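I opened this model to go through its local features one by one. These are my notes, in the order in which I looked things up.

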Amino acid sequence: MKVIPIPCLNDNFAYLLICPETNEAAVVDPSEYEPVFKEVQKRKVTLTTIFNTHHHWDHVGGNDELSRHFPGIKIHAHISDRDRVPGQTDFLEDGDFVQFGNQKGSILHNPGHTSGAITYLFGNMAFTGDTLFSGGCGRVFEGTMEQMHHSLNVKIGKLPDDTQLYFGHEYTENNLRFAQTLEPKNEDIQSQLTQIRKLRSEGKWSTPSLLSSERKINPFLRCHDQTLQKHVIQKQPDTNLDPVSIFTVIRKLKDQF
Ligand code: FE
Ligand code: ZN
């Protein structure tokens with residue numbers, strides 16, 4: 001399966017997925033119609049499917065116009081997003097399988113950012129929407145801190161090291177600057193930040209990111225790490241030393257960063 005990132009709005013990514021055997025395509029999180037339509041035309045593929053990771057407007061904004069231009073297009077989202085995702089035709093639950101062309105995938109339900117947030121898995125590729133970013137995670141709007149921690153560390157965290165993460169926003173540089181405040185001596189964060197700044201100055205993006213690398217640089221996957229815990233305790237001495245409490249403190253600090 002071929003994946004083409006499509007930058008949308010200010011810092012969103014939609015992703016065009018192409019089945020090389022049938023020339024069918026799917027789009028993950030079409031924020032807006034125009035850039036997705038242009039990419040579909042340019043690649044001369046048949047768009048049959050939309051995969052929405054959650055209901056926020058910057059991930060579903062292109063649904064209506066795409067379904068007008070591609071009648072019969074299937075629109076997938078979590079079952080609990082019924083009435084919140086425009087044009088939804090397929091109502092998914094944790095572990096469900098999805099398909100377009102000959103490409104078969106499955107979903108993980110990741111409540112936290114929203115109650116119906118899901119990740120789409122195709123082989124070693126994971127489309128995480130606003131649940132997991134490179135160096136960070138989405139704000140906890142509809143779920144609890146415990147749910148978000150579980151979604152990131154147990155559901156997504158269980159995936160193999162070589163999983164390629166295709167996330168919903170180019171927030172990496174800012175995320176890593178925040179990560180540095182928690183682990184000033186973490187050399188993986190420092191070198192990744194240097195690399196990302198170079199990429200960005202060349203007009204390139206940081207998507208996708210490897211899960212093995214996220215385990216070294218993403219504070220929201222590192223709440224069990226003793227060095228990180230020590231820094232959090234210095235900032236907020238009354239914090240309990242369990243991963244969910246650490247997660248809660250750093251998510252709140254990030255909200256104000
Ligand atoms: Fe969102
Ligand atoms: Zn978003």
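The entries below cover two metal sites, a helix pair, a loop residue and some backbone details.

**Entry 1: status of the model.** I note at the start that this is a predicted model.

**Entry 2: the iron ion.** I looked up which residues hold the iron ion (ligand 1). Its protein donors are H54 (NE2), H56 (ND1), H113 (NE2) and D130 (OD), at 2.1 to 2.3 Å from the ion. Along the sequence I read their spacing as H-x1-H-x56-H-x16-D. I then checked the geometry. The angles among the 4 donor atoms run from 86 to 174 degrees, so I entered the arrangement as irregular. H56 sits in the loop between β4 (46–51) and α2, while D130 sits in the loop between β10 and β11, so this pair ties together parts that are 74 residues apart in sequence. I found both H56 and D130 buried.

**Entry 3: the zinc ion.** I did the lookup for the zinc ion (ligand 2). D58 (OD), H59 (NE2), D130 (OD) and H169 (NE2) are its protein donors, and they lie 2.0 to 2.3 Å from the ion. The spacing of these donors along the chain is D-H-x70-D-x38-H. The 4 donor atoms make angles of 84 to 165 degrees, and I recorded this site as irregular.

Which residue coordinates both the zinc ion and the iron ion? I found that D130 does, with the two ions 3.2 Å apart. H59 is in helix α2 (residues 57–60) and D130 in the loop between β10 (125–129) and β11 (132–133), so here the pair ties together parts that are 71 residues apart in sequence. For burial I have a relative accessible area of 0% for H59 and 5% for D130. Buried means under 20%, so H59 and D130 both go down as buried.

**Entry 4: a helix pair.** I looked at how helix α5 (residues 172–182) packs against helix α9 (residues 243–255). Their axes are 11 Å apart, at an angle of about 125 degrees. I therefore class α5 and α9 as oblique to each other. The crossing of α5 past α9 is right-handed. For the contacts, I listed N174, N175, F178 and L182 from α5, which meet I250, L253 and K254 from α9.

**Entry 5: Y171.** I placed Y171 in the loop between β13 (164–167) and α5. Is Y171 buried, exposed or partly exposed? Its relative accessible area is 32%, so I entered Y171 as partly exposed. Setting aside neighbours within four places in sequence, I found Y171 in contact with D11 and F133. I also took the C-alpha separation of Y171 and G135, which is 8.2 Å for residues 36 apart along the chain.

**Entry 6: backbone details.** Most residues other than glycine have a negative phi, and most peptide bonds are trans. With that in mind I looked for exceptions.

- The peptide bond between T207 and P208 is cis, with omega of about -5 degrees. I located P208 in the loop between α6 (187–201) and β14 (209–210).
- K44 has a positive phi, near 55 degrees, and is not a glycine. K44 is in the loop between α1 (33–43) and β4, and at 67% relative accessibility I count K44 as exposed.
- D83, also not a glycine, has a positive phi of about 75 degrees. I found D83 in the loop between β5 (74–78) and β6 (90–92). D83 counts as exposed, at 78% relative accessibility.

Notes. Residues numbered from 1 in each chain as written. Chains lettered and ligands numbered in written order. Predicted model: local features only at pLDDT ≥ 70, side-chain atom pairs only at ≥ 80, totals over all residues. Heavy atoms only, no water. Donors = N, O, S within 2.8 Å, 3.2 Å for Na, K, Ca; no water. Tetrahedral: all angles 85-135°; square planar, octahedral: opposite > 155°, others 65-115°. Helix = DSSP H or I, 4+ residues; strand = E, 2+ residues; numbered from the N terminus. Buried < 20%, exposed > 50% of the residue type's maximum accessible area, 1.4 Å probe, protein only. Axes fitted to C-alpha atoms, helices over the stretch in contact; angles between N-to-C directions. Parallel < 35°, antiparallel > 145°, perpendicular 65-115°, else oblique. Left-handed = near helix turned anticlockwise from the far one by under 90°. Contact = heavy atoms within 4.5 Å.
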